[in-house]
Amino acid sequence: MPLSSDFISLEYANKLFQCLPEPNLISYNTLIRCSIGKSDVIATSVYNTMRRLDILPNSFTFTFLLGCFESFHKFQYGEMVHGHVLKMGFLSSMFVVNTLLDFYAKCGGNLGFVWKMFDKLLERDVVSFNTMIRTYMNYGEIDSAIKLFESMPERNLVTWNTVVSGLVKCGNMELANKVFESMPQRNSVSWNAMISGYIKLGDLKSAKDVFDEMPERSVVSWTTMVSGYAMAGDIESARRIFNHMPVKTVVSWNAMVSGCVNSHMFDEALSVFHHMLIDGKCKPDQTTLISALSACTHLNSHDHGKWIESHIRKNKIELSLPLGNALIDMYAKCGDLENAKIIFQKMSKKCIITWTTMISGLAVNGHSREALKLFDSMCLEGIEPDDVIFIAVLSACTHGGLVEEGEIIFHQMVHKFGIEPRIEHYGCMVDILGRAGRIEEAMRFIKTMNLEPNAVIWATLLSACRIRRNKNSLESSLIIEKILEQEPNNHSYLKLITNLRSSVGQRLDEVDFRLANRNQGTDKVPGCSSIQVGESVHEFVAKDTSHPQRGEVYRALRSLNKHMMIT
């Protein structure tokens, strides 16, 4: 039965159990153990059957039951088991008593009750003390935990690790290091706890010092260091540690790929992913594929993304919710709505993120009415919309110039679904009205906002004034005044203001003087373009001299310029 539970299903194991002619106590206990983390219903049913047939439980029965109920946070069921433990005289078993203490520590939510239970124990062993110390640490009661630790008649390695890990979790690295240095012996758990603690505080130097001191490094130690450097944006150091790893797991590869993505080194992320495939010792999992797809999305690399999808199909990898959502997002942002829709339809389960991603994809690709239709379908299926999906739907109205639909949806959001508008919702409505040339109505709408309009709101409206060549100097002046109050030195907004004034023939003034002065000390962030050639994605910026093939690129550009001049 354990084999059936691990590799097939608990339901199948339960069917095997039902076929047993005369199941004994070991059979009942085995099925309850198999239910841990999988089904409290089956565990309860099996236990009730035992009681009905007068099959007496043993200490294993109660510890397995408590383990199952703890995994589902079934506090009342655990209390029931506690009652049966008392009634049947199993409080003399330290095994059962410690499991009960651990259950209440994890599910009770009452530190006082756990302490009273511990205090009333007629007999305590090192496991009892370790459980109570861990409970104190989880509640942030460091002083009580240390006091109990110091009062222990004997300690084992688990005790020391519990204290060190608890202090690390509380962020008290000074005390954690003091306890760590006092340990009579250490294992990989001790060392890794210290490394993780320093990394969480951003102290990579101390983490590296501990790592270098380790007599023997596990794959977890190596991976923790890679992840720490990657999270800090130091991809070069992360790569150096990664390359020296004697053994890599899929978690190690994931730390490197996701680290590159988080540091916006998308081409490097795909390079690491490809090396993982070539290495062949670890198969990419869902996390790897999601990170790789994120890199494809940012690079607008449709070919790479499509290859990853074929890899998923070829290897029969489950299309989970996060993976499906990542594929939809990649296809939609690469402009391939057909494949985005295919993935959307393939997904047997859809969450609010799935619907939001698909609606947003339709919106940005100009299919505004289809986006609204999909939103209606979602609502008909009984899925409750959230504030984020309304941003996507209102954006669809913005892209499609659907003013009336936008107003209806905004009204539904507030009055039907009771969602408090965020600044993004207000921004979408101002954009919808502004693009339609309804500047005065947009101004009235801004006055009704429950939030203070920010510079983005005013700049959106000012941009609409420019597009529509709005010559109402009073309105424009008011909007400009609001922008300058909130962000007087924003280069983009200052440029927008001067462009508007030039377009309607207004004179230049101190705003233009401020813009000129700002331009002297500010380098504008250059735009970046990318192109995929074979397996690589090449990025370019204006006056770029960093590309390894810059000589060939500029020769090609000069040749093109000559042809253009001739024609």
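Glutamate 268 makes a good starting point in this predicted model: with a relative accessible area of 25%, glutamate 268 is partly exposed. Its side chain meets that of arginine 239 in a salt bridge, with an N to O distance of 2.6 Å. Since glutamate 268 belongs to helix 18 (residues 266-279) and arginine 239 to helix 16 (residues 235-244), the pair ties together parts that lie 29 residues apart in sequence.

This pair belongs to a wider set, as the structure holds 17 salt bridges. Within helix 20 (residues 302-314), glutamate 309 and arginine 313 are four residues apart, a separation of about one helical turn. Their closest N and O atoms are 2.8 Å apart in a salt bridge. Glutamate 309 is buried, at 7% relative accessible area, whereas arginine 313 is partly exposed at 48%.

A further salt bridge, at 3.1 Å from N to O, joins the side chains of arginine 369 and glutamate 405. Here distant parts of the chain are linked, with arginine 369 in helix 24 (residues 368-380) and glutamate 405 in helix 26 (residues 403-416), 36 residues apart. Arginine 369 is exposed, at 55% relative accessibility, and glutamate 405 is partly exposed, at 25%. Elsewhere, Asp102, Lys106 and Arg134 are joined into one network by salt bridges that share partners.

Helix packing offers another view. The axes of helix 3 (residues 25-34) and helix 4 (residues 40-52) come within 9 Å and cross at roughly 160°, which makes the two helices roughly antiparallel. The crossing is left-handed. Leu25, Tyr28, Leu31 and Ile32 of helix 3 meet Ile42, Ala43, Val46, Thr49 and Met50 of helix 4. By class, this contact has eight nonpolar residues, one polar residue and no charged ones.

Conventions:
Residues are numbered from 1 along each chain as its sequence is written. This is a predicted model: local features need pLDDT of at least 70, side-chain atom pairs count only at pLDDT 80 or more; totals for chains, interfaces and linings use all residues. Side-chain values use heavy atoms; hydrogens and water are left out. Axes are lines fitted to C-alpha atoms, for helices over the stretch in contact, and angles run from 0 to 180 degrees between N-to-C directions. Angles under 35 degrees count as roughly parallel, over 145 as roughly antiparallel, 65 to 115 as roughly perpendicular and the rest as oblique. A crossing is left-handed if the near helix is turned anticlockwise from the far one by less than a right angle, and right-handed if clockwise. Contact means heavy atoms within 4.5 Å. Ala, Val, Leu, Ile, Met, Phe, Trp, Tyr, Cys and Pro count as nonpolar, Asp, Glu, Lys and Arg as charged, and the others, Gly among them, as polar. A salt bridge is a side-chain nitrogen of Lys or Arg within 4 Å of a carboxyl oxygen of Asp or Glu. Buried means under 20% relative accessible area, exposed over 50%, partly exposed in between (1.4 Å probe, protein chains only).
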